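Visitor: I would like to learn how to read the features of a model like this one. Please take me through them in turn.

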Amino acid sequence: MEETKFVLTAEARAVIRGYGQIMIEATKLTKDYGEKRAVNDISFTVRPGIVTGFLGPNGSGKSTTMRLILGLDAPTAGDVRVNGKHYRDHASPLHEVGALLEARSVHTGRSAYNHLLALAQTQGIPRRRVNELIDLVGLHEVARKRAGQFSLGMGQRLGIATALLGDPATVMLDEPVNGLDPEGVHWIRNLLKQLAAEGRTVFVSSHLMSEMALTADHLIVIGRGRLIADMSVDEFVQKASGALVRVRSPEATRLRELVLGPHVSVASSESGVIEVEGLTAEQIGEIAASHKIVLHELTPVQASLEEAFMELTRDEVEFKPVESGVTEREELAA
Amino acid sequence: MSNATVSVSIPRLTERGRVTQARVVLSEWTKFVSLRSTRWSLGVGSLLTIAFPILFAVVTASRWSHMSAGDRAGRHPLDIALAGVNVAQLAIAVLGVLVITGEYSTGMIRSSLIAVPKRLPVLWAKLAVFGTVSFVLMIPLVLIAFFASQAILSRHHILQISFGDPGVARSLLGGALFVTLVGIFALGIGSIVRSTAGGIATFAGVFFVLPPLMNVLPTNWNNAISKYLPSDAGRQLFSLHHGAHSLSPLGGGLLMLGYCAVAVAVAAVLLVHRDT
């Protein structure tokens, strides 16, 4: 008997779990702070069932975009909707979006337990849920201590508990691994993947490409407030790497002459090795075979995600510290 | 990449509640009672409300035999009973400012507005919780202050007044109401300026700096303007003497209420429209 395998799409899983239509949709989103344009005409959609990484250098507008999604700041132009509505119009907001902001968002004089309880009470989330989440993030021992005494990592765990309080359809975390120990970082990665596997929309910002490489399936990359890329992690690497092929051959010099052409460039870092850009490994192999050239190695070289990121954002990084006022703004306000 | 090892079990939430004004009030109550600053301010305010009348009653009684007839005539038992109100207002005002600016200085406001993105229910709930607590707390305090000071004075058979005498109940109630309104005004100011230092400074400027500054003006100007200041208008709520240059208890009370309404209205508009 033939075995039939059903594969559920992320959207289907979301509907089954009762989340309905869940996604974040930004349309021509723009935000100015005085003279400074923090977010510049960006449009993107964050889909359920996968981890979407929100990547960009510090001060590139990630936190601002997240504040716009949550309605904390009003956009200068454009529009952003969460699960089909403006965030402000949802009847039970914590059930729609669970957010962890980069900036501190906890009263330092209040205990973790009372912090969570007060937020839970705004939409009738039961007290038992607060205890469940305190256990989940491992804050049981310190739940009655004032949050001002928390370490960076404990504060981050409290932020995660806050984000998951309403069992949200969409989870949005701004730099969640900041300040966490390796164990905590590992925990967050698993958590993100699980949240996505459950059919939720997961949107995670980071300025660390390496972190995104381990967790994200899809990437939205911004620099200086502009959208640079919106594609899968695999596509991102392919697009940014110029299809470099490394060839090792005793007749490397002869092969070099044969492959050179108007769209092909060849570099050599050591004798007997050439790096060809503009031809695939197959094409090079065929050229070598037709001229009976022996090859010892023929390797397509993929740029690392980190290199791809550097390549794409090279022109978008803000070098002048004066202009990177987006993250500083939070410290001023605090 | 999404078929990773699953090691975290996230409990599900079966009920799905909506944000209601009543729920936000409950939330604000939890926030209010879970801070040390609340207990300190209310504790200090309570102590001052009771301690000053007792202190003044003791001092007045012990000095009575040395006082001139004019001095004695200038004493009124209600002034003694409500002596603490003038001091307690500062403690309650500081708490009123802190109720909102504490959220801005710590960043808590972001969590609050993410939970209640329509924003205004948060302000209404803060006013309801803070206003109710202040008033409900002040009522027994002014009564204790009244009966305690009267008990001390009665042992020396001086400055006796009955709770049933005209204006007494109104003045005591007015004292509690005055402190509450001052606190609400301060909360409005705090919400507008969004900083603890700025809020307290603005409040102190309006209530404690502006009135003596009026003395620099020509007397007829001073008389014409001063009675409309929040501090003077509000004080008529518990003041027994209403001269030519002061408003009536009702008029002063309503004007004070008006100042509160304006401060709260400006705070509400700014809360809805400002970035956080």
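Guide: Start with burial. Buried residues make up 53% of the 334 residues in chain A. Buried means under 20% relative accessible area, exposed means over 50%, and partly exposed lies in between (1.4 Å probe, protein chains only). This is a predicted model: local features need pLDDT of at least 70, side-chain atom pairs count only at pLDDT 80 or more, and totals for chains, interfaces and linings use all residues. Residues are numbered from 1 along each chain as its sequence is written, chains are lettered from A and ligands numbered from 1 in the order in which they are written, and side-chain values use heavy atoms, with hydrogens and water left out.

Visitor: How many helices and strands does chain A have?

Guide: Both are DSSP runs, numbered from the N terminus: helices are H or I with at least four residues, strands are E with at least two. Chain A has 13 helices and 13 strands.

Visitor: How many residues of helix H4 of chain A are buried?

Guide: H4(A) spans residues 112–121, and 10 of its 10 residues are buried. Among them are A:Tyr113, A:His115 and A:Leu117.

Visitor: What covers the buried residues of H4(A)?

Guide: Both chains take part. The cover includes helix H3 (93–96), helix H5 (127–136) and helix H6 (152–164) of chain A, together with H1 and H6 of chain B. Contact here means heavy atoms within 4.5 Å.

Visitor: Which charge lies over the face of A:Tyr113?

Guide: The rule takes NZ of Lys or CZ of Arg, within 6 Å of the ring centre and within 35 degrees of the ring normal. A:Arg144 lies over the face of A:Tyr113, at 4.0 Å from the ring centre. A:Arg157 lies over the face of A:Trp187, at 5.8 Å.

Visitor: Now the interface. How much area do chain B and chain A bury between them?

Guide: The size of an interface is often given as the accessible area lost when the parts come together. Here that loss is computed with a 1.4 Å probe and summed over both parts. Chain B and chain A bury about 5000 Å², 54% of it on carbon and sulfur atoms. B:Ile10, B:Leu13 and B:Ile114 supply 14% of the area that chain B buries against chain A, more than any other three residues. In contact terms, 48 residues of chain B touch 64 residues of chain A.

Visitor: How many salt bridges cross the interface of chain B and chain A?

Guide: A salt bridge needs a side-chain nitrogen of Lys or Arg within 4 Å of a carboxyl oxygen of Asp or Glu. The rule finds 4 across this interface. One of the salt bridges joins A:Arg128 and B:Glu15 (3.5 Å, N to O).

Visitor: Last, rings. How many aromatic pairs are there over all chains?

Guide: Rings of Phe, Tyr and Trp (its six-membered ring) pair if their centres lie within 6.5 Å; planes under 30 degrees apart are stacked, over 60 edge-to-face, the rest tilted. The count is 12 over all chains. The centres of B:Phe32 and B:Phe130 are 6.3 Å apart and their planes at 70 degrees, so this pair is edge-to-face. B:Phe32 lies in helix H1 (residues 21–33) of chain B and B:Phe130 in helix H7 (residues 120–155) of chain B, so the pair ties together parts 98 residues apart in sequence.

Visitor: Is B:Phe32 buried or exposed?

Guide: B:Phe32 is buried, at 7% relative accessibility. B:Phe130 is buried too, at 0%.

Notes
Buried area is the accessible area (1.4 Å probe) that two parts lose on being put together, summed over both.
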